[in-house]
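Here are a few exercises to work through with the model open in your viewer. Try each task before you read its solution.

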Amino acid sequence: MRILPLLCALLLLMLQGAAGLSLTRGSPQDCERRGGFCSHGSCPPGIGRVGVCSERDFCCRSRWYP
């Protein structure tokens with residue numbers, strides 16, 4: 001029975017982390033505010049996708065951004 005609280009805590013941490021990974025539709029200004037840039041089609045290698053600037057443009061940011 002001691003494992004149940006540990007599993008609940010782990011589940012909450014996983015759900016909290018997944019909430020930050022959503023791709024929200026925004027504007028280029030929102031992307032720049034996040035420390036990213038808009039890229040047409042896909043992000044360059046080594047750069048992660050953090051949002052959407054428009055229908056075909058994605059907000060990209062370095063994975064090492066603080």
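**Exercise 1. Find how many residues the hairpin uses to join E2 to E3, and trace the pairing there.**

Solution. Start at the turn: four residues carry the hairpin from E2 to E3. Strands here are DSSP runs of E, at least two residues long, helices are runs of H or I of at least four, and both are numbered from the N terminus. Next, look at the pairing itself: E2 and E3 (residues 57-62) run antiparallel over five bridges. Two strands pair if DSSP finds at least two bridges between them. Now pick out partners: Arg49 is bridged to Cys60 in E3, and Gly48 has Arg61 as its partner in that strand.

Before going on, a note on the ground rules. You're looking at a predicted model, with residues numbered from 1 along each chain as its sequence is written. Local features need pLDDT of at least 70 and side-chain atom pairs count only at pLDDT 80 or more, while totals for chains, interfaces and linings use all residues, and side-chain values use heavy atoms, leaving out hydrogens and water.

**Exercise 2. Work out the strand order of the open sheet.**

Solution. Begin with the other pairing: E1 and E3 are antiparallel too, joined by four bridges. One pair to check is Cys38, which stands opposite Cys59 in E3. Put the pairings together and you get an open sheet of three strands in the order E1-E3-E2, with antiparallel pairing. The edge strands are E1 (37-40) and E2 (47-52), each of which pairs on one side only. From one strand to the next, the twist averages 50 degrees; angles run from 0 to 180 degrees between N-to-C directions, with axes as lines fitted to C-alpha atoms (for helices, over the stretch in contact). As a reminder, strands of a sheet pair through backbone hydrogen bonds, either parallel or antiparallel.

**Exercise 3. Is Ser39 buried or exposed, and what does Ser39 touch?**

Solution. First locate Ser39: that residue sits in strand E1. Ser39 counts as buried because its relative accessibility is 13%; the cut-offs are under 20% for buried, over 50% for exposed and partly exposed in between, with a 1.4 Å probe and protein chains only. Then list the contacts (heavy atoms within 4.5 Å). Skipping residues up to four places away in sequence, Ser39 touches Pro44, Arg56, Asp57, Phe58 and Cys60. Finally, check the side chain: one of its polar atoms lies 2.8 Å from the backbone oxygen of Ser42.

Follow that lead to Ser42, which lies in the loop between E1 and E2. Ser42 is partly exposed, because its relative accessible area is 43%. The C-alpha atoms of Ser42 and Phe58 are separated by 6.5 Å, although their positions lie 16 residues apart along the chain.

**Exercise 4. Describe the surroundings of Cys38.**

Solution. Cys38 is in strand E1. With a relative accessible area of 33%, Cys38 is partly exposed. Leave aside neighbours within four places in sequence, and its contacts are Pro28, Cys31, Cys53 and Phe58. For a distance check, take Gly51: Cys38 and Gly51 are 13 residues apart in sequence and 9.1 Å apart C-alpha to C-alpha.

Now do likewise for Ser62 in strand E3. Ser62 comes out as partly exposed at 30% relative accessibility. Its C-alpha is 8.7 Å from that of Gly35, 27 residues away along the chain.

**Exercise 5. Zoom out: what pattern does the chain follow along the sequence?**

Solution. Count the elements and you get two helices and three strands. Read along the sequence, they give α-α-β-β-β. Of the 66 residues, 18% count as buried. Among contacts with a separation of 6 or more, 32% are between residues 24 or more positions apart.

Next, compare with the record. An unreviewed UniProt entry lists residues 28-61 as "domain: Beta-defensin-like"; such annotations may be inferred rather than shown by experiment, feature names are shortened, and positions are given in the numbering used here. That span is 18% helix and 44% strand, and its end C-alpha atoms lie 13 Å apart.

Last, check the confidence. The chain's mean pLDDT (the predictor's confidence in each residue, from 0 to 100) is 79, and 73% of its residues reach 70 or more. Among the elements, helix H1 (residues 3-19) has the lowest mean, 69, and E1 the highest, 93.

Note on methods:
Polar contact = N/O pair within 3.5 Å; in protein donor to acceptor, adjacent residues only side chain to side chain.
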